[in-house]
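Hi there,

Here is the structure I promised to pass on. Please keep in mind that it is a predicted model. My notes follow below it.

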Amino acid sequence: MLPHFVVTGPSCAGKSTVARGLPGRLKECVVLDRDIWWTEDSTGPEFFEFSLRLVKNVAQGWRPVVQCGALLPLNLEPCVERRYFTAIHYLALACDDALLEKRLRGRFASM
């Protein structure tokens with residue numbers, strides 16, 4: 001079993017930016033940005049089970065997985081699939097309120 005790594009934080013905190021930069025720096029890891037499989041149904045317990053099942057299957061190649069997305073310990077720790085990981089390490093990204101507001105406004109302005 002391998003550990004699992006989660007980069008989490010609120011919308012516009014920089015998770016996707018970090019996800020794009022990690023593969024060149026962590027060549028031994030597989031980096032997954034949760035945005036690639038996000039749907040409107042991605043908030044229930046089934047999604048979190050699926051998320052860990054996907055990571056478990058990728059990790060069978062004996063490469064640790066870094067998952068970037070809005071994932072909290074209270075969502076992942078109770079999952080049945082959790083048993084396949086020696087540990088889940090969480091890194092929460094944050095930024096000050098003014099910067100977060102600016103990023104959010106910029107995201108919605110482009111829609």
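Let me begin with helix α1, which spans residues 15-25 and has K15, A19 and L22 as buried residues. Those residues cover an arc of only 60 degrees around the helix axis, so they sit on the same side of α1. And what do the buried residues of α1 pack against? Their partners are the strands β1 (2-8), β2 (30-33) and β3 (65-68).

One of those strands, β1, is also where you will find H4. Is H4 buried or exposed? H4 is buried: its relative accessible area is 0%, and under 20% counts as buried. Leaving aside residues up to four places away in sequence, H4 touches L52, V55, V65, Q67, F85, A87, I88 and H89. V65 deserves a second look in that list, as its backbone oxygen lies 3.1 Å from a polar atom of the H4 side chain.

For contrast, have a look at E46, which belongs to helix α2 (residues 45-59). E46 is exposed, with a relative accessible area of 62%, and the cut-off for exposed is over 50%. If you want to place E46 relative to helix α1, try G21 as a reference point: the two residues are 25 apart in sequence, and their C-alpha atoms are 29 Å apart in space.

If you open the model, H4 is a nice place to start, with V65 among the residues that it touches.

Best wishes

Terms used: Residues are numbered from 1 along each chain as its sequence is written. This is a predicted model: local features need pLDDT of at least 70, side-chain atom pairs count only at pLDDT 80 or more; totals for chains, interfaces and linings use all residues. Side-chain values use heavy atoms; hydrogens and water are left out. Buried means under 20% relative accessible area, exposed over 50%, partly exposed in between (1.4 Å probe, protein chains only). Helices (H or I, at least four residues) and strands (E, at least two) are DSSP runs, numbered from the N terminus. The arc is that of the directions from the helix axis to the C-beta atoms. Contact means heavy atoms within 4.5 Å. A polar contact is a pair of N or O atoms within 3.5 Å; within protein, one must be able to donate a hydrogen and the other to accept it, and residues adjacent in sequence count only if both atoms are side-chain atoms.
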